[in-house]
Amino acid sequence: MLIRQDNGFHHPVASDITPPQVYAQRRGFLQQLATTGLLATAGGAWGQSAVPRPGKLAALNSTVANFAGAQATDNITPYKNASTYNNFYEFGTDKADPAENAHTLKTRPWSVDIEGMVKKPGVLNLEDLLKLSPMEERIYRLRCVEGWSMVIPWVGYSLSELIKKVEPLGSAKFVEFVTLADPKTMPYVGSRVLSWPYIEGLRMDEAMHPLTLLTFGMYGEVLPNQNGAPVRVTVPWKYGFKSGKSIVKIRFTDKQPLTAWNKAAANEYGFYSNVNPNVDHPRWSQATERRIGEGGLFAKKIKTLMFNGYEPQVGQLYAGMDLAKNF
Ligand code: MTE
């Protein structure tokens with residue numbers, strides 16, 4: 001159910017994002033995927049071009065898969081902001097900590113265990129995961145529960161592709177994501193800020209929704225460690241904390257997973273955590289947000305949209321549910 005559209009996105013010029021040689025390397029990553037047949041683009045041309053496109057990233061408009069939740073007024077967040085203003089508590093609680101500390105994360109070799117109520121449990125190594133389905137670039141908004149947001153071009157494929165391959169049993173109702181907790185490389189694992197490993201979860205229909213992206217890259221390159229290398233999920237209609245980073249296990253279960261933030265403060269962080277401007281966090285409003293990279297603390301607040309703007313795609317998943325109770 002991909003909706004591909006040229007929706008008038010304003011893209012910054014490449015030089016706003018990153019130096020040309022780094023940009024070229026990023027494009028190299030995608031070209032590698034393209035030549036191995038792993039990258040699918042709507043027009044095909046971008047992934048196959050031998051040299052990175054010069055100038056405006058606007059050229060991507062016709063080749064990326066976009067979703068209606070991204071609006072014409074959205075600018076892509078500069079790469080610098082998206083890779084230096086992070087939440088990855090395993091590497092520290094300050095926004096700058098992950099970019100400073102996550103170089104210790106060892107992303108190869110890497111594998112993901114498939115466990116629980118599934119016909120084909122087992123260990124998938126990263127190379128198998130990279131090859132499992134063609135990749136796409138998708139521009140998603142990411143709205144953090146703290147009241148800020150970014151617009152990021154992610155690279156990956158729908159998690160549903162993986163789920164279909166491993167064949168969950170009919171009894172499986174939820175998917176649990178367990179992320180790496182390695183005290184040797186992650187200085188804050190062992191701290192009491194959260195219980196480790198960081199665990200997240202989705203209901204099966206949420207996990208199967210085509211918007212839910214198994215993510216390997218952003219801005220055309222492999223994920224920087226601080227953004228959840230080598231593999232994370234991105235669930236664009238939920239607060240950012242639902243998108244677990246550096247995943248090592250995917251477990252299929254009939255019980256709602258006990259997630260890290262729900263364990264830490266159940267009254268503040270529900271299991272669903274759909275972006276909802278009408279349900280305040282107990283300590284602050286969720287009605288507006290600040291776009292990172294656009295005017296700093298003095299940036300004009302913008303209105304937060306129901307389901308982060310993805311209501312047309314995902315609203316029906318919650319038909320009949322009281323979203324104030326199931327926050
Ligand atoms: N995943 C792990 N393993 N540990 C974390 O602390 N933080 C979450 C989420 N995934 C987190 C995590 C939160 S609170 C947010 S807002 C997003 O990652 C941030 O993703 P980004 O840094 O790529 O923007």
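## A guided look at the fold and its ligand

Visitor: How far is a nitrogen atom of the ligand from a polar backbone atom of Asn87?
Guide: This is a predicted model, so the distance is read from predicted positions. A polar contact asks for N or O atoms within 3.5 Å. A ligand nitrogen and a polar backbone atom of Asn87 are separated by 3.2 Å.

Visitor: Which residue has a polar side-chain atom 2.7 Å from an oxygen atom of the ligand?
Guide: Start with a backbone case. A polar backbone atom of Ser243 lies 2.8 Å from a nitrogen atom of the ligand. The 2.7 Å pair instead joins a ligand oxygen to a polar side-chain atom, and that side chain belongs to Lys245.

Visitor: How much of the ligand's exposed area does the protein bury?
Guide: Take the ligand alone to begin with. It then exposes 540 Å². With the protein in place, the buried share is 99%.

Visitor: How many residues are around the ligand?
Guide: Five of them come nearest: Asn86, Tyr89, Glu90, Arg232 and Lys245. Lys245 also has the side-chain atom 2.7 Å from a ligand oxygen. The number of residues around the ligand is 17.

Visitor: What share of the residues in the protein chain is buried?
Guide: The chain has 327 residues. It holds 10 helices and 12 strands. Its buried residues make up 57%.

Visitor: In what order do the 5 strands of the open sheet stand?
Guide: The pairing in this sheet is mixed. One parallel pair is strand 1 with strand 10, joined by 4 bridges. One antiparallel pair is strand 5 with strand 10, over 6 bridges. The order is 2-1-10-5-6.

Visitor: Which are the edge strands?
Guide: Look again at the order 2-1-10-5-6. An edge strand here pairs on one side only. The edge strands are strand 2 and strand 6.

Visitor: Which residue stands opposite Ile250 in strand 10?
Guide: Strand 10 has partners in both strand 1 and strand 5. Two other opposite pairs are Thr179 with Ile247 and Val178 with Lys249. Opposite Ile250 stands Ile114.

Visitor: At about what angle does helix 7 run to strand 10?
Guide: Helix 7 covers residues 159–166. It lies across strand 1, strand 2, strand 5 and strand 10. Its angle to strand 10 is about 60°.

Visitor: Is Arg141 buried or exposed?
Guide: Arg141 sits in strand 3. Its side chain makes a polar contact of 3.0 Å with the side chain of Asp74. Buried means under 20% relative accessible area. Arg141 has 5%, so it counts as buried.

Visitor: What is the relative accessible area of Met135?
Guide: Met135 lies in the loop between helix 6 and strand 3. Its C-alpha atom is 5.1 Å from that of Tyr157, although the two are 22 residues apart along the chain. Met135 is buried, and its relative accessible area is 0%.

Visitor: By what distance are the C-alpha atoms of Leu211 and Ser158 separated?
Guide: Leu211 is in the loop between helix 8 and strand 7. It is buried, with a relative accessible area of 0%. Along the chain, Leu211 and Ser158 are 53 residues apart. Their C-alpha atoms are separated by 6.6 Å.

Visitor: Which residue's backbone oxygen lies 3.0 Å from a polar atom of the side chain of His209?
Guide: His209 is in the loop between helix 8 and strand 7. At 5% relative accessibility, His209 counts as buried. The backbone oxygen 3.0 Å from its side chain belongs to Gln313.

Visitor: Which residue does a cis peptide bond join to Trp196?
Guide: Most peptide bonds are trans. One cis bond joins Arg108 and Pro109, with omega of about -10°. The other bond in question has omega of about 0°. It joins Trp196 to Pro197.

Visitor: What is the approximate phi of Ser273?
Guide: Most residues other than glycine have a negative phi. Ser273 is not a glycine, yet its phi is positive. Ser273 is in the loop between helix 9 and strand 11, and it is buried at 4%. Its phi is about 50°.

Methods. Residues are numbered from 1 along each chain as its sequence is written. This is a predicted model: local features need pLDDT of at least 70, side-chain atom pairs count only at pLDDT 80 or more; totals for chains, interfaces and linings use all residues. Side-chain values use heavy atoms; hydrogens and water are left out. Buried means under 20% relative accessible area, exposed over 50%, partly exposed in between (1.4 Å probe, protein chains only). A polar contact is a pair of N or O atoms within 3.5 Å; within protein, one must be able to donate a hydrogen and the other to accept it, and residues adjacent in sequence count only if both atoms are side-chain atoms. Two strands pair if DSSP finds at least two bridges between them. Contact means heavy atoms within 4.5 Å. Axes are lines fitted to C-alpha atoms, for helices over the stretch in contact, and angles run from 0 to 180 degrees between N-to-C directions. A residue is near a molecule or strand if one of its heavy atoms lies within 4 Å of it. Accessible areas come from the Shrake-Rupley method with a 1.4 Å probe; for residues, only the protein chains shown count as cover.
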